[in-house]
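User: I would like the reasoning behind some labels given to this protein model. Please set each value against its cut-off.

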Amino acid sequence: MKRSLVAANWKMNGSRAVNEAWLNQFNAHRSTLACDVVVCAPHVYLQQLRSALSGEEIGAQDVSQHRPGAYTGDIAAEMLKD
C-alpha cells in the first residue's frame, strides 16, 4: 500500500531558534509517522532545513513565475535549485 504524503508550509512564521526546536522534535519522532512529510519553508530557512532533513523532505513554499531578472523580492526557480 502506498504511504500518504503530507505537505505543509510555514507561511511567514519561523526563526532559526524555533525551526531548530521543531526539527529536533520532528527528527526524534519521524520514524513513527505513518506518512511521508514535505516541509515547505520560506527560502531564507531552506538551508537550515536542508542541513537537518534529506532533500526529498524539503520544498520552497514560493517561487516566482518569472525567469531571473529585476523582480524585487521574487525567488526564481533557478535560484531555488541552486
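Analyst: A disulfide is a pair of cysteine sulfur atoms within 2.5 Å. By this rule the count here is 0 disulfides. Note that the model is predicted.

User: What makes Cys 35 and the closest cysteine sulfur fail as a bond?

Analyst: The closest cysteine sulfur to that of Cys 35 is in Cys 40, 14 Å away, which is too far for a bond. The cut-off is within 2.5 Å, so the pair is not called a disulfide.

User: Why is Cys 35 called buried? And why is Cys 40 called buried?

Analyst: Buried means under 20% relative accessible area. Cys 35 has 18%, so Cys 35 is buried. Cys 40 has 15%, so Cys 40 is buried too.

User: Why is Gly 55 called exposed?

Analyst: Exposed means over 50%. Gly 55 has a relative accessible area of 51%, so the label is exposed. Gly 55 lies in the loop between α2 (46–52) and β3 (58–60).

User: How do you know that the span of helix α1 agrees with what is expected?

Analyst: Helix α1 covers residues 16–29, which is 14 residues; at 1.5 Å a residue they should span 20 Å. The end C-alpha atoms of α1 are 20 Å apart, so the two values agree.

User: Which residues of α1 are buried, and what puts them on the same side?

Analyst: The buried residues of α1 are Asn 19, Leu 23 and Phe 26. They cover an arc of only 70° around the axis, so they sit on the same side of α1. What covers them includes β2 (35–41) and α2. The face turned away from this buried side carries the exposed residues Ala 17, Val 18, Gln 25 and Ala 28.

Key. Residues numbered from 1 in each chain as written. Predicted model: local features only at pLDDT ≥ 70, side-chain atom pairs only at ≥ 80, totals over all residues. Heavy atoms only, no water. Helix = DSSP H or I, 4+ residues; strand = E, 2+ residues; numbered from the N terminus. Buried < 20%, exposed > 50% of the residue type's maximum accessible area, 1.4 Å probe, protein only. Expected span 1.5 Å × (residues − 1). Arc of directions from axis to C-beta. Contact = heavy atoms within 4.5 Å.
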